[in-house]
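Me: I am new to this structure and should like a close look at one part of it. Would you describe the salt bridges carefully, and then follow them to whatever they lead to?

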Amino acid sequence: MHTNHATTVKAFGTHASNQPLAPMAITRGALHADDVQIDISYCGVCHSDLHTARNEWNNTLYPSVPGHEIVGRVVAIGVQVTQFKTGDLVGVGCMVDSCGHCPPCHEGEEQYCDNGFTGTYNGPLFGGENTHGGYAQSIVVKEAFVLRISHAEKDLAGVAPLLCAGITTYSPLRHWGVGPGKKVGIVGLGGLCHMGVKLAHAMGAQVVLFTTSPTKVADGLRLGADEVCISTDPEQLARLAGQLDFILNTVAAPHQLDTYLQLLKRDGTMTLVGAPAEPHPSPNVFGLILKRRSLAGSLIGGIRETQEMLDFCAAHGIVSDIEMIPIQAINTAFDRMLKSDVRYRFVIDMASLNNPT
Ligand code: NAP
Ligand code: ZN
C-alpha cells in the first residue's frame, strides 16, 4: 500500500512512567520522496526500552512507544529512493535521522551528531518532537537510516536484536582493536553481552564472560566464551587479575567498576555501554593510574558500521538467541528482564498486534 498522507497504525506504548504498556493508535508521517515505508515483522526488546518507558533517564516524552530493533519488509518507497524496493527485507536501529552536515555525520558516526541525532523513539536527543518506535505495525524512515538484511528470511527474528545489541557491542570491539591475540572480557550476560560474546569470538579474540548468574555458565560457553567467570566469586576474579586487554561492560545496574578494572593489563581499557539510571560508585583512581588503564564509554554505532556489522553477522552465520513473545506479554517481559531472566533477547512477533487483547 502506497501512502502519501499520514496514516494511523496499531502500536503498544505507555502514557506515564508508572503505567504498563497497552494498545494505542499512533500516526506515521506521509511518505516523502526519500522515505521507505516498512511493515514491521519483529522488534527486539532492549533494556533501553524499559529505561525509557519508565522514565529512568528522566527524559521520556509521552506517549512513549519503544522499540529500536526493527526488522520487516519494504511496502512502499518515495520517488527518490534508489537503494531499496518493495519486498526487500530491511532493518531500522536506534536512529532515524541526524543533521547530516557536522563532522561526526560526515565521518559516518551519526550517533555522535553535534546537533543531536533523532532517536527511533523518544525524539531528538536535544529537543524537538517525539518519535515512536518499533512496537508498532509499520514505520516510515528516511532511506539513509534503513539497513539492508542479507540473512535468510527464516532467520529474520534473530536478526532484529543485531540492530541495537549487535551494533552496540560490535562498534567498541572494533574501535578498541579486538581480534586474534587479544584477551577480552564481556560483562553481564543479557542481550548486549550475548552478542558481544558471539562477535568477539567471531573476531578471533579469546573471550572471558563475566556473569553474576551461575545458571548461565553452560550457555556462556555455548555462545562462544573460552572461559566463564562468576563475578561474585573473589577467587575466580583473582585468577584473572591483570590479564585482559579490553573489557566491554554491558551491566544495566550500578556496581563496583573496580571489580573489573583490576583485571586489565597495563594500558588496558574498560568500555561502558550499560546505562544504569543511578551512577556507579566511583572507581579507585590508583587502579587506573598505576597501570595507565582507561575507563571509556561507547554509544551504539553509525549507519555505515551497522551495515558492516549486519554483513559480518550474515557472513559468519550469527543471529541473536531469542525468546519470541506476543506483544501482549511485553510487561511480563520487562519484569523478567529486570530479574536478568532473559535468554538472551525477547523479540516481539508483530503479527500479535492483531490478537484480541
Ligand atoms: P539486559 O538484557 O537486561 O542485560 C543486562 C545484564 O546485566 C543482566 O542480564 C545481568 O547479567 C547483568 N546485571 C543486571 N543487574 C545486575 C546487577 N545488579 N549487578 C550485576 N549484574 C547485573 O540488558 P541489555 O538490553 O543487554 O542492556 C544493557 C544496558 O545497556 C542497559 O542499561 C541499556 O540501556 C544499555 N544500552 C546501551 C547502549 C549504548 O549505546 N551504550 C545501547 C543499548 C543498550 P548476569 O545475569 O550475567 O549477571
Ligand atoms: Zn537498545
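**Salt bridges and the sites they lead to**

Reply: Arg292 has a relative accessible area of 55% and is therefore exposed, the cut-off for that word being over 50%. The model described here is a predicted one. The partner of Arg292 in a salt bridge is Asp267, with N and O 2.6 Å apart. Arg292 belongs to the loop between α9 and β15 (294–297), whereas Asp267 belongs to strand β14 (residues 264–272), so this pair ties together parts that are 25 residues apart in sequence. With a relative accessible area of 37%, Asp267 is partly exposed. Elsewhere, salt bridges with shared partners join Lys198, Asp219, Arg222, Asp321 and Arg343 into one network.

Helix α9 also deserves a brief look. This helix (residues 285–289) contains Phe286, which counts as exposed because its relative accessibility is 52%. Together with Val285, Ile289 and Leu290, Phe286 makes a nonpolar surface patch of about 450 Å².

How many salt bridges does a search of the whole structure find? The number is 17. One further pair is Glu308 with Arg174, whose side chains meet at 3.9 Å, N to O. Because Glu308 lies in helix α10 (residues 303–316) and Arg174 in helix α4 (residues 165–175), this salt bridge ties together parts 134 residues apart in sequence. Glu308 is partly exposed, at 39% relative accessibility, and Arg174 is partly exposed as well, at 33%.

A further salt bridge is formed by Glu69 and Arg345, whose closest N and O atoms are 2.8 Å apart. Here the loop between α1 and β4 supplies Glu69 and strand β17 (residues 345–349) supplies Arg345, so the parts tied together are 276 residues apart in sequence. Are these two residues buried or exposed? Both Glu69 and Arg345 are buried.

From Arg345 the path goes to ligand 1. There are 29 residues around ligand 1, and Arg345 is among those that come nearest, alongside Leu189, Thr211, Thr212 and Ser213. The side chain of Ser48 has an N or O atom 2.8 Å from an oxygen atom of ligand 1. The backbone takes part too: a polar backbone atom of Gly190 is 3.5 Å from an oxygen atom of the ligand, and a backbone N or O atom of Ile300 lies 2.8 Å from an oxygen atom of ligand 1. Taken alone, ligand 1 exposes 930 Å², of which the protein buries 88%. Two elements, α1 and α5 (191–202), give two or more residues to the shell around ligand 1. The largest share, three residues, comes from α1.

From Glu69 the path goes to the zinc ion (ligand 2). The protein donors of this ion are the SG atoms of Cys46 and Cys164 and the NE2 atom of His68, at 2.0 to 2.2 Å. Cys46 lies in the loop between β3 (35–44) and α1 (47–53), and His68 in the loop between α1 and β4 (70–77), so these two donors tie together parts that are 22 residues apart in sequence. Along the chain, the zinc donors follow the spacing C-x21-H-x95-C. Cys46 counts as buried because its relative accessibility is 3%, and His68 counts as buried at 7%.

Key
Residues are numbered from 1 along each chain as its sequence is written. Chains are lettered from A and ligands numbered from 1 in the order in which they are written. This is a predicted model: local features need pLDDT of at least 70, side-chain atom pairs count only at pLDDT 80 or more; totals for chains, interfaces and linings use all residues. Side-chain values use heavy atoms; hydrogens and water are left out. Patches are made of residues with over 30% relative accessible area and no salt bridge: like charges are joined within 9 Å, nonpolar side chains (Val, Leu, Ile, Met, Phe, Trp, Tyr) within 5 Å. Accessible areas come from the Shrake-Rupley method with a 1.4 Å probe; for residues, only the protein chains shown count as cover. A salt bridge is a side-chain nitrogen of Lys or Arg within 4 Å of a carboxyl oxygen of Asp or Glu. Helices (H or I, at least four residues) and strands (E, at least two) are DSSP runs, numbered from the N terminus. Buried means under 20% relative accessible area, exposed over 50%, partly exposed in between (1.4 Å probe, protein chains only). Donors are N, O and S atoms within 2.8 Å of the metal (3.2 Å for Na, K and Ca); water is not among the atoms, so sites may look incomplete. A residue is near a molecule or strand if one of its heavy atoms lies within 4 Å of it. A polar contact is a pair of N or O atoms within 3.5 Å; within protein, one must be able to donate a hydrogen and the other to accept it, and residues adjacent in sequence count only if both atoms are side-chain atoms.
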